[in-house]
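Colleague: I have a model open on my screen and would love to understand the words people use for it. Could you take me through it?

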Amino acid sequence: MLRNKPRLKKGDIVILISGDDRGKKGKILNMNKKKNSIIVEGANLIKKHMRPRKQGEPGGIIEKESPVHISNLKLICPKCGEPTRVQKTRLENKKNIRVCNKCNEFID
Ligand SMILES: [Zn+2]
């Protein structure tokens, strides 16, 4: 397990903090928690060659997102808009909620 693992979920807006796409922002489309890999909209694109399946269908190259390791991502806080680390805190009703380290607002 990673220490200081970013606590991210599907639908979060994240920023890439390393690699070719450094600084790019996107929404989390999918995540694989076991592998700590995340598909971010528009990030880490790879070109795929598509062969037309039916006659008359255009083939060619499409761009598709490939997984980004969770350690290369940082959450953009929806409240203050800053890339941030999040902490978890437990509410009175025993629910865990994420808190922005920058503005101290609840994120969930
Ligand atoms: Zn914030």
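Modeller: Happily! Let us start with one pair of residues: Ser37 has His69, in strand 6, as its bridge partner. Please keep in mind that this is a predicted model.

Colleague: What makes strand 3 and strand 6 a pair?

Modeller: Two strands pair if at least two bridges are found between them. Strand 3 and strand 6 are joined by 2 bridges, so they qualify, and they run antiparallel.

Colleague: Which sheet do they belong to, and why is strand 6 called an edge strand?

Modeller: The sheet is an open one of 6 strands, in the order 6-3-2-1-7-8, with antiparallel pairing. Strand 6 (68-69) and strand 8 (83-84) each have a single partner strand, so one side of each has no neighbour in the sheet, and that puts them at the edges.

Colleague: How do you know that strand 9 and strand 10 are paired?

Modeller: Again we set the bridges against the cut-off of at least two. Strand 9 (residues 86-90) and strand 10 (residues 96-100) have 5 bridges, in the antiparallel sense. One of the partnerships is that of Thr89 with Ile97 in strand 10. The two strands form a hairpin with 5 residues between them, and Lys94 in the turn has a positive phi of about 70°.

Colleague: Why is Glu82 called partly exposed?

Modeller: A residue needs 20 or more C-beta neighbours within 10 Å to be buried, and 12 or fewer to be exposed. Glu82 has 14 inside 10 Å, so it counts as partly exposed. You will find Glu82 in the loop between strand 7 and strand 8. Beyond its neighbours within four places in sequence, Glu82 is in contact with Cys77 and Lys102.

Colleague: How far is Glu82 from His49?

Modeller: Their C-alpha atoms are 37 Å apart, and 33 residues separate the two along the chain.

Colleague: Which residues touch the most other members of the largest nonpolar core?

Modeller: That core has 14 residues, and the ones touching the most other members are Leu8, Val14, Ile38, Val40, Val68 and Leu73. Strand 1 (13-16), strand 3 (37-40) and strand 7 (73-76) each supply at least two core residues, and strand 1 gives the most, with 3. As for Leu8, setting aside residues up to four places away in sequence, it touches Val14, Ile28, Ile38, Ile70, Leu73 and Leu75.

Colleague: Where do the two domains lie along the chain?

Modeller: The domain assignment gives domain 1 as 1-76 and domain 2 as 78-108. Their centres, taken over C-alpha atoms, are separated by 24 Å. The contact takes 6 residues from domain 1 and 7 residues from domain 2. On the domain 1 side, strand 1 and strand 7 each supply at least two residues, and strand 7 gives the most, with 3. By class, that side has 4 nonpolar, no polar and 2 charged residues.

Colleague: And what does the whole chain look like by its helices and strands?

Modeller: The protein chain has 0 helices and 10 strands.

Colleague: What makes you call the chain more spread out than a compact globule?

Modeller: For 108 residues the globule rule gives 13 Å, and the radius of gyration here is 17 Å, well over that value, so the chain is more spread out than a compact globule. The C-alpha atoms fill a box of roughly 60 × 30 × 25 Å along the principal axes. Buried residues make up 19% of the 108 residues.

Conventions
Residues are numbered from 1 along each chain as its sequence is written. This is a predicted model: local features need pLDDT of at least 70, side-chain atom pairs count only at pLDDT 80 or more; totals for chains, interfaces and linings use all residues. A nonpolar core is a set of buried Ala, Val, Leu, Ile, Met, Phe, Trp, Tyr and Cys residues joined through C-beta atoms within 7 Å. Helices (H or I, at least four residues) and strands (E, at least two) are DSSP runs, numbered from the N terminus. Two residues are in contact if their C-beta atoms, placed from the backbone, lie within 7 Å. Domain bounds come from an automatic or database domain assignment. Ala, Val, Leu, Ile, Met, Phe, Trp, Tyr, Cys and Pro count as nonpolar, Asp, Glu, Lys and Arg as charged, and the others, Gly among them, as polar. The radius of gyration is taken over C-alpha atoms; the globule rule is 2.2 Å times the number of residues to the power 0.38.
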